[in-house]
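Visitor: Hello! I would like to learn how to read a structure like this one. Could you take me through it?

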Amino acid sequence: MEALRSRTEAHLQNVLSNRSEIRHIDPQNNLGDADLLHQIGYKQELRRHYSTLQMFGVAFSIMGLLPSISSVLVLGLEAGPAGLVWGWFIACVFIFCLGCSLSFLGSAIPTSGGLYYYTNYYCPDSIRVPLSFLIACSNSLGLIGGLCSISYGFAVELLSAVSLSKDGNFDITNAKCYGVFAACVITCVTILCLATKHAAALQTISIAVNVFLILLFIIAVPVGVGHGFNNREFIFGNFENSRDWNAVWSGFLALQPAAWTIGGFDSVIHLSEEAKNAQRAIPFGILGSIFACWILGWVIVVVCAACIQNGDVSRLLASETGSPMAQIIYDALGKKWAVAFMSLIAVGQYLMAISMSIALSRQIWSFARDDGLPIVYKWVKYVNPQVKVPIRATVFAGIMSLILGLLVLINGSAGSGALFSLGICSNSLAFLTPVVLILLPYGRRLFVPGPFHLGKVLTSVVNGLTVFWLLLIMIIAMFPDSKSVNKDSMNYTVVINIGVWALSLIYYYVWGYKSYSGPRSNLDDVDVNYEDKGSNTSEVHGIDILLEEKA
């Protein structure tokens, strides 16, 4: 009881100064999830129903290997088959380091606010509030961009299947793409609002669908090609340049497929308040999904490079189907199989959109809970105590995605391309900031590791590699695909990202500071309800008295 009272006393001192506290939790003490969340500063509002496997499933489903690679295959192939293959492998080395860095943070402080909470906690007082506000906005924008790009990929894959079935006698227009895109977003939001108790089970289904698609692809396509494979020199050594940038920079741009595909692992952190044994489930979900996608994704891109008909990359890039992946499958298996494959891939992409909607809604809800979401935070942060799912945040996330998705109508190729790089760039800034902060003296002094840690020296080395990677990929994501920049080749990521970052800070200093003062505890106006085995009535009563005295 004294230990529990002492922890609560220390926490409340920080509540009164409007700054949450987290200290090292010894995993051998078997401190429960709700108890730890109370130390962080929040009451348990959401239902904890995600197992460790399902946490892995959320990240793995959002990455959705085969559907994701289908969506961005062209970005790698523009550097040739070797650019695609080695771009994937090299990028994954750094992405794994990034996953380790986020696992250090998530294991120490498992809360849905995640990245902006870490920014607020490890940052000097002079700038912590505006900086955490900026990171919350950037992370939200990145996840919205992720949902938009996944939904747009679904639209392209579904329409490619239609085009194949009609032997190319079908025009894939911007309007048709947006129509399918909008249908995808709206139905995902509807499903999550109606199936609140079954959202976790959807992740298990998604794992099965994604694994089935991968196995089917790496078996069926090579069998269909027969003996007409490209040789090793072509796969691993043939660097081509289909861009007007020089070959070296074209190779750097080929890092983007892996960066976009393996980019949804922070979803595990946003679901940490719904996870069982969150301190261990977060590292397993992040690193397990990254490693699985690293290896399986590399196999997929090698198979793609091996099965390019006659080694003609330019023909693949100019395919009338609108999808190089659809053309590879068509060449290997014929029309009927290609239509079936692209339809199955579209199903996998749709499940990705559902998983991304879950992560996005939790990020928006947590930001609204801290009174940070501009204007509508009071409406969005409400959670029905019976349902225990942020339905309003889910609806708001869908509306914002439909608005951002209008880029597809404004300019098809450049606009849709911005949706992909937008997720990379905005999330990279959100990943980068807390990692940099715990490398600096002030943040390093505050950082106390959770159960997942690699020791002081190795942790710093990994974090350093993470910072290098994130700075590099942010620069890459903002570059146009062509030297000849016009309205059709412009990378709108620069405009949108910098615009949102600037507007976020302007809004904060003009109006937002009145409501947002950083992550705030909501324990001072509710009874603390411990759900862990070690808690009992007398302990809870003692904490209630202490809360009343301190408040």
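Visitor: Among contacts in the protein chain between residues at least 6 apart in sequence, what percentage join residues at least 24 apart?

Guide: Happy to help, and please keep in mind that this is a predicted model. For such contacts, 83% join residues at least 24 apart in sequence.

Visitor: How many helices and strands are there in the protein chain?

Guide: You will find 25 helices and 0 strands. Of the 551 residues in the chain, 61% are buried.

Visitor: Where is confidence lowest, and where is it highest?

Guide: Let us begin with the general idea. Where pLDDT is low, predicted coordinates should not be read in detail. In this chain the mean pLDDT is 81, with 85% of residues at 70 or more. Helix α5 (residues 80-108) has the highest confidence, at a mean of 94, while helix α25 (residues 537-550) has the lowest, at 32. Residues 1-29 have pLDDT below 50, and the model gives this stretch 74 contacts beyond near neighbours in sequence. Over residues 525-551 pLDDT also stays under 50, with 41 contacts beyond four places in sequence.

Visitor: Which residues form a nonpolar patch on the surface?

Guide: Look for I399, M400, I403, L406 and L409, which together have about 400 Å² of accessible area. Helix α19 (residues 391-404) supplies the largest share of the patch, 3 residues.

Visitor: Why does I399 count as partly exposed?

Guide: Partly exposed residues lie between the cut-offs of 20% and 50% relative accessible area. I399, found in helix α19, counts as partly exposed because its relative accessibility is 43%.

Notes
Residues numbered from 1 in each chain as written. Predicted model: local features only at pLDDT ≥ 70, side-chain atom pairs only at ≥ 80, totals over all residues. Heavy atoms only, no water. Helix = DSSP H or I, 4+ residues; strand = E, 2+ residues; numbered from the N terminus. Buried < 20%, exposed > 50% of the residue type's maximum accessible area, 1.4 Å probe, protein only. Contact = heavy atoms within 4.5 Å. pLDDT = per-residue confidence, 0-100. Patch = residues over 30% accessible without salt bridge, like charges linked within 9 Å, V, L, I, M, F, W, Y side chains within 5 Å. Areas by Shrake-Rupley, 256 points an atom, 1.4 Å probe, with all protein chains shown as cover. Salt bridge = Lys/Arg side-chain N within 4 Å of Asp/Glu carboxyl O.
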